[in-house]
Amino acid sequence: MKLIIRRQQRAVGQGFFHTAELEAEDGRKFRYVYDCGAMKKYETQRNARIDEYLTAVGANAELDVLFISHIHFDHISGLERLLNKTNGLKVDTIVMPLINVVDRLFAYAQAANEDPATINDPFFRELVANPANALGRLGPRQLVFVRRGSSDGGAPGSRGEDDDDPDGPSDIPRLWGGERAGGIYWKLIGRGTGYEHEQPFIEADGTKAVTNVFEVDDTLAIATAGGEGCFEWVLSPFIDPTIQSKKDLFLSELALARGMPVSDLKSWLGDTANIEDLLLNGVPDLTAAYEAVADDFNLTSLCLYSGPKTNEGSTQGLYLARLGSYFLGPSMRREIGWLATGDAALRAKIRAAAFAKHYGSHMENTGTLTVPHHGSDHNHNPELVAKIDAFVHIAAADAYSKWKHPGSKVMQCVASMGRFLSVVTSNSDSEVEETISVSCLANRNP
């Protein structure tokens with residue numbers, strides 16, 4: 001048996017849109033997307049890339065999992081088009097970090113400051129006010145909110161050959177991949193806990209509906225394409241949380257702008273209707289609070305490793321790629337995993353250390369790394385980049401305002417390692433396409 005992995009970093013300008021699929025030898029597929037959006041300036045390019053993807057996979061095709069790294073507009077603005085119920089994809093599962101109201105309000109305030117036209121987007125506003133309702137309207141079978149798990153847990157398979165990860169926790173047995181026609185079954189593995197409930201929401205036409213909602217630890221992962229005597233391909237999240245002191249400062253500044261005690265503001269924000277009112281009528285207050293912490297505030301972000309489960313022996317694949325106009329391969333490579341960092345604040349040593357501990361030996365199997373926050377120097381950690389030592393680095397970035405993405409420190413770091421840095425802009429010629437063919441090797445210990 002062979003497994004073909006195809007993944008593509010699409011040219012949406014200042015934003016992020018990554019598509020991938022795993023195809024088994026019998027033609028069954030597992031398809032996922034990590035983020036889909038761009039800043040308002042690049043709306044035309046974003047829509048063109050989404051339409052190209054829909055044409056390639058077929059309208060109304062199944063998207064097994066949509067991962068959302070965080071709710072900045074440039075990472076989510078294309079979701080409605082991608083999952084349009086008339087001519088978009090039908091999504092089974094949506095996965096995103098568990099984000100509290102302060103994070104969501106900050107994302108909106110940041111948008112009001114940096115890309116003002118975006119706050120008039122109804123979907124973005126609803127996602128900030130009520131994430132389960134906004135995402136429920138996109139039609140998923142289930143929503144999964146991921147929280148930071150135990151620091152002693154780590155990603156499944158990341159700790160070597162003695163890491164015997166069971167299937168997912170017994171308290172959320174219904175969280176699994178449907179056996180759709182032509183699809184590859186998936187399941188949860190790892191050690192962690194979870195919680196599930198049914199979430200009511202209101203459709204666009206006013207009708208009431210219900211979706212399944214799960215909260216799970218990031219020490220759990222999706223495992224697919226495995227089978228008896230065959231390795232598993234895993235999709236393992238890591239949650240890089242907002243620093244609590246920064247959230248407290250933002251909340252206190254917002255309370256000051258609103259002229260009320262922090263305790264009263266917290267209670268007031270417990271009502272979704274009040275949040276909606278704040279987003280419509282309280283933008284000056286949000287902007288004032290944003291300005292107080294803007295220089296050092298990073299939203300909770302979901303990172304993602306997509307690759308073979310490391311503890312199942314040495315897995316290698318036939319790798320070839322197009323990095324813009326440059327072609328690589330074909331060649332046999334062990335480093336065939338892909339690791340996305342969203343907007344994670346990995347510059348801080350303590351946060352980079354938590355990331356490295358979580359992914360462990362998965363980093364050794366990572367051949368492609370998307371550098372944090374579009375290649376911003378403010379999120380860059382040279383020691384971590386060197387430790388991962390990916391063959392290909394990707395910065396999804398384009399010209400916007402005075403932003404320097406990717407930053408000079410990032411470019412120098414990657415160049416000094418003798419590795420590739422591919423900058424994916426709004427020009428389709430800059431896209432990165434990778435294809436890996438992996439033989440189904442028996443599970444074994446060296």
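**Group meeting: the sheet and the two cores**

Let me begin with a single pair of residues: phenylalanine 67 stands opposite valine 95, which belongs to strand E5. I should say at once that this is a predicted model, and everything that follows is to be read in that light.

That pair leads us to strands E4, residues 62–67, and E5, residues 90–97, which run parallel and are joined by five bridges. As a general point, the strands of a sheet pair through backbone hydrogen bonds, in either a parallel or an antiparallel manner. Here eleven strands make up an open sheet with mixed pairing, and their order is E8-E9-E6-E5-E4-E3-E2-E1-E19-E13-E14. Strand E8 (194–202) and strand E14 (326–333) are at the edges, and each has a single partner strand, so one side of each is left without a neighbour in the sheet. If we ignore direction, neighbouring strands of this sheet are turned against each other by 20° on average.

Across strands E2 (15–24), E3 (29–38) and E4 lies helix H1, residues 43–57, and this helix runs at about 170° to E3.

Now to the cores. The largest nonpolar core has 62 residues, and within it Leu82, Leu105 and Phe250 touch the most other members. Helix H4, residues 101–114, supplies the largest share of this core, namely nine residues. Another core lies apart from it, with 46 residues, among them Phe16, Leu175, Trp233 and Val95, the residue we met opposite phenylalanine 67.

Which residues does phenylalanine 250 contact, leaving aside its neighbours within four places in sequence? They are Val102, Leu105, Phe106, Leu286, Ala289, Tyr290, Val293 and Phe297.

How values were computed. Residues are numbered from 1 along each chain as its sequence is written. This is a predicted model: local features need pLDDT of at least 70, side-chain atom pairs count only at pLDDT 80 or more; totals for chains, interfaces and linings use all residues. Side-chain values use heavy atoms; hydrogens and water are left out. A nonpolar core is a set of buried Ala, Val, Leu, Ile, Met, Phe, Trp, Tyr and Cys residues joined through side-chain atoms within 4.5 Å. Buried means under 20% relative accessible area, exposed over 50%, partly exposed in between (1.4 Å probe, protein chains only). Helices (H or I, at least four residues) and strands (E, at least two) are DSSP runs, numbered from the N terminus. Contact means heavy atoms within 4.5 Å. Two strands pair if DSSP finds at least two bridges between them. Axes are lines fitted to C-alpha atoms, for helices over the stretch in contact, and angles run from 0 to 180 degrees between N-to-C directions.
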